[in-house]
Amino acid sequence: MPDCLFCKIIAGDIPASLLYEDERLVVLADINPQAPTHVLIIPRRHIATLNDLGPGDDALVGEMTRRAAAVVREHGLDSRGYRTVFNCNADAGQTVFHIHMHVLAGRRLAWPPG
């Protein structure tokens with residue numbers, strides 16, 4: 001998708017310090033962190049919103065979730081707790097229309113989130 005910020009980062013057109021990457025996912029630090037650890041887990045394939053996922057994407061979402069747990073474990077925060085968040089569309093706070101999972105950890109997280 002030519003105008004997608006995350007597609008440009010994944011393609012290397014916009015520099016970013018990737019924390020992890022494989023053939024299906026990239027992980028990078030959020031530029032506006034809401035917790036001491038706040039990373040984004042982004043599929044390489046452009047999918048605009050959760051509404052655009054199909055049955056064939058179940059494994060991808062599972063991989064994103066497992067990668068979230070691995071990131072938190074690597075930071076030594078898995079036993080303290082963490083939050084994973086997908087925002088879907090503008091009213092939910094989605095600002096980049098390429099699905100991504102927020103992973104927040106390193107502080108006590110309140111509920112409801114806001």
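Rings of Phe, Tyr and Trp (for Trp, its six-membered ring) are taken to pair if their centres lie within 6.5 Å, and such pairs count as stacked with planes under 30 degrees apart, as edge-to-face over 60 and as tilted for the rest. By this criterion, a search of the whole structure finds 0 aromatic pairs. The structure is a predicted model, in which local features need pLDDT of at least 70 and side-chain atom pairs count only at pLDDT 80 or more, whereas totals for chains, interfaces and linings use all residues. Residues are numbered from 1 along each chain as its sequence is written, and side-chain values use heavy atoms, with hydrogens and water left out.

Helices (H or I, at least four residues) and strands (E, at least two) are DSSP runs numbered from the N terminus, and two strands are said to pair if DSSP finds at least two bridges between them. Strands of a sheet pair through backbone hydrogen bonds, either parallel or antiparallel. In this model, 5 strands form an open sheet in the order β1-β2-β3-β5-β4, with antiparallel pairing. Because β1 (18-21) and β4 (82-85) stand at the edges and each has a single partner strand, one side of each is left without a neighbour in the sheet. The twist from one strand to the next averages 20°, where axes are lines fitted to C-alpha atoms (for helices, over the stretch in contact) and angles run from 0 to 180 degrees between N-to-C directions.

At one edge, β1 pairs with strand β2 (residues 25-29) in the antiparallel sense over 3 bridges, and a hairpin through 3 residues joins β1 to β2. Within this pairing, Y20 has V27 in β2 as its bridge partner. The ring of Y20 also lies beneath the charged end of R67, which is 3.6 Å from the ring centre; a charge sits over a ring if NZ of Lys or CZ of Arg is within 6 Å of the ring centre and within 35 degrees of the ring normal. At the other edge, β4 and strand β5 (residues 101-105) pair in the antiparallel sense over 4 bridges, and T84 stands opposite V103 in β5.

V103 is also among the contacts of T37, a residue of strand β3 (residues 37-43). Contact here means heavy atoms within 4.5 Å, and, leaving aside neighbours within four places in sequence, T37 is in contact with H75, L77, V103, L104 and A105. T37 counts as buried because its relative accessibility is 9%, the classes being buried under 20% relative accessible area, exposed over 50% and partly exposed in between (1.4 Å probe, protein chains only).

H46 lies in the loop between β3 and α2 (58-74) and is partly exposed, with a relative accessible area of 23%. Although H46 and I99 are 53 residues apart along the chain, their C-alpha atoms are separated by 7.6 Å. Not counting residues up to four places away in sequence, H46 touches M1, C4, C7, F97 and H98. A polar contact is a pair of N or O atoms within 3.5 Å; within protein, one must be able to donate a hydrogen and the other to accept it, and residues adjacent in sequence count only if both atoms are side-chain atoms. The side chain of H46 reaches the backbone oxygen of F97 at 3.4 Å, and a polar contact of 3.1 Å joins the side chains of H46 and H98.

Two backbone features complete the description. N89, in the loop between β4 and β5, has a positive phi of about 75° although it is not a glycine. The peptide bond from W111 to P112 is cis, with omega near 0°, and P112 is placed in the segment after β5.
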